[in-house]
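Me: I am new to this structure and would like a close look at one part of it, with some sense of how far the model can be trusted. Please start with the confidence and then take me through the details.

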Amino acid sequence: MKNTKEHTKWRFWPVSCLAFIFPINDFLLTITIPIYFFQKSITTEIISFLLVGSTITYSFSPILFYKLSNKIGRRKSIILSMVGVFFSQFIYYFTLEPMPFFFSRVIEGLFLGFFWTSLQSTISDNPVHVHNRFMAYYNFSWNLGGLTGFLIGTIILSIVAIPGIIFFLAPLLIILNIIIAIMFFQDPIKDFSENVELEIKPRKSKFNNVKTKIARIFGMQNDRDLAMYYVPIIIPVLCIVTFSLAKSIVNLLYPIKSEILGFPEYTVFLFSFFTIFCQIVTTSLVSLRTMESLKKITLLSVLILSITILIYGISTNFFSFSILFISLGLFGGFLYGIGLRFFIILNKQKNTSKFTYILESLLGIVFLFNPIIAGYIALFSLDLAFIILSILILFILALTFLYIRKIKIAIQKY
């Protein structure tokens with residue numbers, strides 16, 4: 001009974017706050033790095049390494065620290081992560097030269113191996129709460145953080161037009177995350193008996209009946225129902241890979257293309273603001289969709305992202321880019337939300353948290369290699385990199401169509 005009372009007092013809001021604050025820091029730096037170093041006449045392939053410095057280590061650090069995080073707990077993992085990130089970014093106050101900047105990013109990615117996976121595992125570790133609802137809150141939080149980061153960047157650069165100032169402001173946000181993690185974050189309680197789970201289930205009410213009817217009208221389906229399906233792991237992998245490919249190339253090459261075309265610096269943040277705003281909507285929408293609708297949305301999203309990336313390469317019109325960033329947010333958000341939802345369900349089906357670590361490592365690998373390859377292609381033609389990626393996403397569409405037909409109701413119910 002004691003454990004039950006402790007669990008019912010478990011606070012989710014620190015998870016939301018942590019997931020909200022860090023993307024402000026991360027998204028500010030993601031856009032500022034290409035702009036700042038391109039203005040310093042650094043070549044595109046070097047800029048690509050500076051941008052992906054953190055993903056060099058983040059591509060394996062979530063898997064590397066998987067067992068250690070389970071051993072020391074989610075709270076200590078998050079505190080360790082944020083302290084390490086702060087000290088790696090503290091070097092910005094001393095120098096912004098490419099070489100030390102690169103090594104600080106590499107160290108940052110190593111410590112980030114504890115962060116996102118611990119937040120996601122905190123959700124799946126809780127055996128009695130409604131996971132799809134928490135996932136919707138979680139997705140909303142980190143997307144809202146990105147939205148806020150781009151808004152702050154837009155305001156700062158529209159006023160002072162000095163990209164370097166971002167490097168002095170961003171690390172201060174990490175201090176806030178450290179304080180929240182130390183003072184408010186709680187480790188989830190995992191060891192519950194079946195009787196305890198039943199004891200704290202919410203009572204039926206007219207309100208719950210209304211929610212059920214609304215879910216049926218709009219074709220919604222909760223995670224317990226979705227967990228009855230067999231889903232080939234390649235489906236969420238392809239979703240996350242497509243999302244990562246599109247986002248990583250735009251993060252690197254569009255700010256450079258914007259500089260070449262002579263667009264104001266703040267417009268890169270403004271367009272990215274549109275992307276995250278749309279991403280908030282679509283990542284939340286997929287949290288309760290039925291399996292049949294998720295399959296259709298997946299195929300449509302991959303197709304439209306292929307077209308979107310192609311137009312990024314051939315367009316030079318300022319206003320057309322606003323439409324492209326909206327498209328990137330809408331359909332990229334669908335794919336990330338679907339991929340994350342399937343990985344969380346796999347965690348529950350297998351009674352593990354390893355799939356969230358796989359997800360984050362997968363993101364790291366794509367965000368590492370795609371910008372580096374694109375940076376070298378951009379030495380010959382910046383637009384060619386967009387065109388080649390568009391063709392690659394079309395190939396992913398064919399693979400997705402092949403494997404998505406294998407999704408079916410499992411013999412054994414979850």
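Reply: This is a predicted model, and its pLDDT averages 82 over the protein, with 83% of the residues scoring at least 70. Among the elements, helix 11 (residues 166–183) has the highest mean pLDDT, 94, whereas helix 12 (residues 194–199) has the lowest, 38. Over residues 1–7 the pLDDT is below 50, and this stretch has 16 contacts in the model beyond near neighbours in sequence. Residues 191–219 also have a pLDDT below 50, and for this stretch the model shows 21 contacts beyond near neighbours in sequence. Where pLDDT is low, the predicted coordinates should not be read in detail.

With that caution in place, the part to look at closely is Ser 315, which sits in the loop that runs between helix 17 (291–314) and helix 18 (318–350). Ser 315 has a relative accessibility of 10% and therefore counts as buried, since the cut-off for that word is under 20%. A polar atom of the Ser 315 side chain lies 3.3 Å from the backbone nitrogen of Asn 317. Once neighbours within four places in sequence are left aside, the residues in contact with Ser 315 are Lys 257, Ser 320 and Phe 321.

Helix 18, which borders this loop, also leads to the interior of the model, as it gives the most to the largest nonpolar core, with 15 residues. That core has 113 residues, and those with the most contacts inside it are Leu 119, Tyr 138 and Tyr 312. Tyr 138 can serve as an example: not counting residues up to four places away in sequence, Tyr 138 touches Phe 12, Ala 19, Trp 116, Leu 119, Gln 120, Ile 123 and Leu 340.

Two other loops can be set beside the one that holds Ser 315, and their interest lies in the backbone. Most residues other than glycine have a negative phi. Ser 41, however, is not a glycine and has a positive phi of about 65°; its place is in the loop between helix 2 (13–39) and helix 3 (44–51). With 64% relative accessibility, Ser 41 counts as exposed, because the cut-off for that is over 50%. Ala 161, likewise a residue other than glycine, has a positive phi near 55°, and Ala 161 is found in the loop between helix 10 (131–159) and helix 11. The relative accessible area of Ala 161 is 44%, so this residue is partly exposed.

Technical notes. Residues numbered from 1 in each chain as written. Predicted model: local features only at pLDDT ≥ 70, side-chain atom pairs only at ≥ 80, totals over all residues. Heavy atoms only, no water. Helix = DSSP H or I, 4+ residues; strand = E, 2+ residues; numbered from the N terminus. Buried < 20%, exposed > 50% of the residue type's maximum accessible area, 1.4 Å probe, protein only. Polar contact = N/O pair within 3.5 Å; in protein donor to acceptor, adjacent residues only side chain to side chain. Contact = heavy atoms within 4.5 Å. pLDDT = per-residue confidence, 0-100. Core = buried A, V, L, I, M, F, W, Y, C linked by side-chain atoms within 4.5 Å.
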